[in-house]
Amino acid sequence: MEQSVQEDDQLLLRFKYYTFFDLNPKYDAVRINQLYEQARWAILLEEIDCTEEEMLIFAALQYHLSKLSLSSEAQDFTHESEVDEVEAALSNLEVTLEGGKMDNILEDITDIPKLADNLRLFRPKKLTLKAFKQYWFVFKDTSVSYFKNKEAGHGEPIEKLNLKGCEVVPDVNVAGRKFGIKLLIPVADGMNEVYLRCDNENQYACWMAACVLAAKGRTMADSSYQPEVHKILSFLKMKNRTTSPQAVSDPESMDMKPERFVSPRYAKKYKSKQLAARILEAHQNVAQMPLVEAKLRFIQAWQSLPEFGLTYYIVRFKGSKKDDLLGISYNRLIRIDAATGDPITTWRFSSMKQWNVNWEIRQVAIEFDQNVSIAFTCLSADCKIVHEYIGGYIFLSTRSKDQNETLDEDLFHKLTGGRE
């Protein structure tokens, strides 16, 4: 009743914060299923944007899961998931010992790996065509330097880009053999936009994984680097439709309603028969996956979308005469131009010194390092909701990946409560 829920009301539940810890298929099947449903509806209702290529993967995985849930494999799984708790704990310990905390110690005493290769670079300027130029790139620690050529690699770089705190956006079309990385690097007056172009899947996976980790302030010595490379490669493999037409079953003989698996935009674009054929073609790459792995892949593909985990609000910044969008992510706030959709400024939670809410005028004020301070009123929601997001994500950032860690509930309520 406190939450204005009346008797016989129907509630739709979803995870509010987009940081999911410890998704282990052995004992976390229920949460994986809940997240899969949340991801599925986010895609189908177009709450998050994706390319046609990605939409076909999501459709193929949904079709595969709908087939599995009708088959005996789904029933077999329920027995499988009742894994002995001791076995689950042991396997988890094994993972931790193989690639968890140990690597953090090793990182301090060994050389941090580096990448060096020829890549192409493009910097957008007004009224210019998108011309990529080749340079020799070196990735070390959390920075990328580029040189005129390999021979010049021992001297001073043309430019060194520090990727800590940047946004990393995939710019990929597997069918068109385009493997690009878009970097949005925060600078004093907004964002520095840089495009990198790789030659093939393997090069892209290595560099993309390094960029993703560097954005979080981690190096390639981190234990999550190789799994990240593997995840990117497996995602590209799902996109790579190289199956022979004979392998695809005849859509007419299949009991498939393809419109159920795609968003309305793509359902309108193709005739039902064409759509079914394309989904079946994409299905060949995922046809052997067991139930829970397919759901996990769906969640991972959702997480790799550029706009994943962003919640948007219309706000008015102090001193501004027009409304802007504020995007809140697990690690940053982004001020976005409401007219163009372009990011203007990014602020990291890690550089936040303090924030507070003036409940009388419903204004959120935040202080960052280097004497940067902002204040805004929220127009599309109560400022308490924005305050809860900031406090909740800051609380989650203090959580370690140790599964036995007990949560400090008092701290959570203190950070999100917003006592008026």
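**Exercise 1. The second largest cavity**

Task: State the volume of the second largest cavity, then describe its lining by residue and by class.

Solution. The volume of the second largest cavity is about 30 Å³. The model is a predicted one. Next, list the lining: I43, E46, I48, D49, C50, M55, S263, R265 and Y266. Sorted by class, this lining has five nonpolar, one polar and three charged residues.

**Exercise 2. The largest cavity**

Task: How many cavities of 30 Å³ or more are there, and which residues line the largest cavity?

Solution. Start with the count, which comes to two cavities of 30 Å³ or more. The largest cavity holds about 40 Å³ of space. Its lining consists of E52, M55, L56, V262, Y266, Y270 and L275. Helix α2 gives the most to this lining, with three residues. By class, the lining of the largest cavity has six nonpolar residues, one charged residue and no polar residue. M55 and Y266 line the largest cavity, and M55 and Y266 also line the second largest cavity.

**Exercise 3. Helices α2 and α9**

Task: Are helices α2 and α9 roughly parallel or roughly perpendicular to each other? Identify the residues that make their contact.

Solution. Two packed helices are described by the angle between their axes and the distance between the axes. Here the axes of α2 (residues 52-70) and α9 (residues 272-283) come within 8 Å and cross at roughly 80°. Angles of 65 to 115 degrees count as roughly perpendicular, and α2 and α9 are therefore roughly perpendicular to each other. From α2, the contact uses E52, L56, A59, A60, Y63, H64 and K67. From α9, the contact uses R278, I279, L280, A282 and H283. The residues of this contact divide into seven nonpolar, two polar and three charged. E52 and L56 of α2 take part in this contact, and E52 and L56 also line the largest cavity.

**Exercise 4. The seven-stranded sheet**

Task: Give the strand order of the open sheet of seven strands. Which strands stand at its edges, and which helix packs on the sheet?

Solution. The order is β11-β10-β9-β8-β14-β13-β12, and the pairing is antiparallel. Strands β11 (343-348) and β12 (352-358) each have a single partner strand, so they stand at the edges and one side of each has no neighbour in the sheet. Neighbouring strands of this sheet are turned by 30° against each other on average, direction ignored. At the β11 edge, β10 (residues 332-336) pairs with β11 in the antiparallel sense over five bridges. In this pair, W347 of β11 is the bridge partner of L333. Helix α11 (residues 383-397) packs on the sheet and touches β8 (311-317), β9 (324-328), β10, β12, β13 (363-368) and β14 (372-378). The direction of α11 makes about 155° with that of β12.

**Exercise 5. The β5-β6 hairpin**

Task: How many bridges join β5 and β6, and which residue in the turn has a positive phi?

Solution. Strands β5 (residues 167-173) and β6 (residues 178-187) pair in the antiparallel sense over seven bridges. One bridge has V172 with its partner F179 in β6. The two strands form a hairpin with four residues between them. In the turn, R177 has a positive phi of about 55°.

**Exercise 6. The second largest pocket**

Task: Which lining residues are the closest to the centre of the second largest pocket?

Solution. The second largest pocket holds about 620 Å³ of space. Of the 16 residues that line the pocket, L12, L13, R14, F15 and Q38 are the closest to its centre. The lining of this pocket divides into eight nonpolar, four polar and four charged residues.

Definitions and conventions
Residues numbered from 1 in each chain as written. Predicted model: local features only at pLDDT ≥ 70, side-chain atom pairs only at ≥ 80, totals over all residues. Heavy atoms only, no water. Pairing = 2+ DSSP bridges. Axes fitted to C-alpha atoms, helices over the stretch in contact; angles between N-to-C directions. Contact = heavy atoms within 4.5 Å. Parallel < 35°, antiparallel > 145°, perpendicular 65-115°, else oblique. Nonpolar A, V, L, I, M, F, W, Y, C, P; charged D, E, K, R; others polar. 1 Å grid on protein atoms, 1.4 Å probe; cavity = no way out; pocket = protein on both sides within 12 Å on 5 of 7 lines; lining within 4 Å. Points joined across faces, edges and corners; volume = space filled by probe spheres on them.
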